[in-house]
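Subject: Structure handover

Hello,

Here is the structure I promised you. Please open it first, then read my notes alongside it.

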Amino acid sequence: MILGLVFAVAGLIVLAFAADHFVAGAARIAAFYKVSPVVIGAVLIGFGTSAPEMVVSGIAAGQGDLDIGVGNIIGSNVANISLVLAAAAVVRAIPVDTVTLRREVPISVVSVIVFALLAQGEITRLEGGVFAALILVFLIFVLRSSSSSDALFDDDVVGIVGDKPVKVGREAARALVGLAFVVGSSYFIVDGAERVANALELSGGFVGFTLVALGTSAPELVTSVQAARQGETELLVGNLLGSNVFNSLAVGGIIGLVGPGPVLDTTLAETGSVLMVVIVITSAVFMLIGGSVGRNKAFVLFFLWVVSVVVLSGGDTAEAALTVLR
């Protein structure tokens with residue numbers, strides 16, 4: 001168990017840094033070649049910020065641990081829109097602009113509901129194809145609807161690309177090395193999660209929902225709290241909602257195409273999916289009411305995250321504690 005924790009935690013730390021460098025390197029190269037901020041923001045940064053969930057879940061599914069992959073998606077979606085948003089909102093009230101309310105909120109809610117419905121019982125290659133087709137539709141919609149308003153993405157892109165001269169060779173090496181460490185650390189995370197689940201007699205789905213999902217959502221947590229402290233909250237909600245879209249559709253597509261099969265943890269697939277949808281809808285309602293998320297709403301969202309962990313743990317955590325004591 002200790003070795004498993006070391007593998008998982010160390011892998012998650014490396015993953016967080018590697019994913020940042022991969023995204024930054026790729027985005028700076030794209031900016032050097034005058035790629036539109038919309039394309040960089042919607043495609044490169046969108047996929048890049050979901051790279052931790054994407055690679056970890058894909059490797060888990062490919063190795064036959066579909067429950068870890070599904071648990072990571074559900075747990076990351078829940079953490080993004082409850083724990084991460086709540087942590088930022090405690091620091092400062094988070095405004096939600098009208099464009100986000102009109103576009104990102106409904107798309108995010110629908111994406112999460114689609115994943116919840118298709119994750120019941122089993123995830124087939126056909127369903128993986130449906131997820132992949134839907135993420136393409138989403139990207140085409142964003143690119144077309146944003147073609148005349150590139151400024152919406154300027155701040156997001158500038159925040160990652162910066163204003164220093166771009167050295168293509170160095171940035172290419174940075175992106176490739178970052179990607180290599182993303183993949184390598186993900187193998188350690190999956191292996192560590194398996195060891196922890198087996199040692200504590202926990203389901204892979206629960207470990208994916210908690211340990212793995214918290215780790216892959218850690219970059220969003222850190223950057224969101226930092227943005228709130230600095231008062232740079234304009235893009236915060238949109239980024240979290242976009243992350244949930246990519247988690248549900250892009251990551252869902254990968255696990256369906258790479259490692260289709262039954263979701264053995266029925267509690268995760270059924271109860272976990274319901275909790276995810278309820279929390280996402282609750283968060284969306286909070287955004288619609290008053291156009292912002294403040295401390296009172298933040299405490300409710302954090303409480304819902306705690307409830308989701310407790311409900312999904314069932315009696316597993318008590319048994320795990322007894323196992324450790326023995």
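The buried residues of helix α6 are Glu127, Gly128, Phe131, Ile135, Phe138, Leu139 and Val142. Look down the helix axis. These buried residues fall within an arc of 125 degrees, so they line one face of α6. The face turned away from them carries exposed residues: Arg125, Leu126, Leu136, Val137 and Arg144. Keep in mind that this is a predicted model.

The length of α6 makes a simple check. Its 21 residues should span 30 Å at 1.5 Å a residue, and the end C-alpha atoms are indeed 30 Å apart.

Pick out Leu136, which sits in α6 (residues 125-145). Is Leu136 buried or exposed? Its relative accessible area is 52%; the cut-off for exposed is over 50%, so Leu136 counts as exposed. Its C-alpha lies 8.8 Å from that of Ala250, although 114 residues separate the two along the chain.

How far can you trust the model?

The mean pLDDT of the protein chain is 83. A value of 70 or more is reached by 88% of the residues. Residues 317-326 are another matter, with pLDDT below 50. That stretch has 8 contacts in the model beyond near neighbours in sequence.

The whole chain

The protein chain has 13 helices and 4 strands. Of its 326 residues, 51% count as buried. The chain exposes about 14,100 Å², and carbon and sulfur atoms supply 69% of that area. Now take the contacts between residues at least 6 apart in sequence. Of these, 89% join residues at least 24 apart.

Two more helices

Helix α1 covers residues 2-32, which makes 31 residues. From first C-alpha to last, α1 reaches 45 Å, close to the 45 Å expected. Just after α1, Lys34 takes a positive phi of about 60 degrees.

Helix α12 covers residues 295-313 and has 19 residues. It reaches 27 Å between its first and last C-alpha, close to the expected 27 Å. Which residues of α12 are buried? They are Lys297, Ala298, Leu301, Trp305, Ser308, Val309, Leu312 and Ser313. Seen down the axis of α12, they fall within an arc of 155 degrees, so they line one face of the helix. The face turned away from the buried side of α12 carries the exposed residues Arg295, Asn296, Phe299, Phe303 and Val310.

The nonpolar core

The largest nonpolar core has 80 residues. Which of them touch the most other members? The answer is Val70, Ile74, Leu85, Ile94, Phe115, Met276 and Met287. Helix α4 (residues 66-91) gives the most to this core, with 14 residues.

Try Val70 on your screen. Leaving aside neighbours within four places in sequence, Val70 is in contact with Phe115, Ile123, Ile255, Val263 and Leu268.

Three buried residues to find

- Val78 lies in helix α4. Its relative accessibility is 1%, so Val78 counts as buried. In sequence, Val78 and Ile279 are 201 residues apart, yet their C-alpha atoms are 6.8 Å apart in space. Beyond its neighbours within four places in sequence, Val78 is in contact with Leu83, Phe209, Met276, Ile279, Trp305 and Ser308. Trp305 and Ser308 are among the buried residues of α12.
- Val251 lies in helix α10 (residues 236-258). At 0% relative accessibility, Val251 is buried. Its C-alpha is 7.4 Å from that of Gly58, with their positions 193 residues apart along the chain. Not counting residues up to four places away, Val251 touches Ser50, Glu53, Met54, Ser57, Ile73 and Phe246.
- Thr216 lies in helix α9 (residues 204-229). Is Thr216 buried or exposed? Its relative accessibility is 1%, so Thr216 counts as buried. The C-alpha atoms of Thr216 and Val56 are separated by 8.5 Å, at 160 residues apart along the chain. Leaving out residues up to four places away in sequence, Thr216 touches Leu12, Leu15, Pro52, Glu53, Val56, Asn72 and Ser76.

One link to look for: Glu53 is among the residues that Val251 touches, and Glu53 is also among those that Thr216 touches.

Best wishes

Terms used:
Residues are numbered from 1 along each chain as its sequence is written. This is a predicted model: local features need pLDDT of at least 70, side-chain atom pairs count only at pLDDT 80 or more; totals for chains, interfaces and linings use all residues. Side-chain values use heavy atoms; hydrogens and water are left out. pLDDT is the predictor's confidence in each residue, from 0 to 100. Contact means heavy atoms within 4.5 Å. Helices (H or I, at least four residues) and strands (E, at least two) are DSSP runs, numbered from the N terminus. The expected span of a helix is 1.5 Å times one less than its number of residues. Buried means under 20% relative accessible area, exposed over 50%, partly exposed in between (1.4 Å probe, protein chains only). The arc is that of the directions from the helix axis to the C-beta atoms. A nonpolar core is a set of buried Ala, Val, Leu, Ile, Met, Phe, Trp, Tyr and Cys residues joined through side-chain atoms within 4.5 Å. Accessible areas come from the Shrake-Rupley method with a 1.4 Å probe; for residues, only the protein chains shown count as cover.
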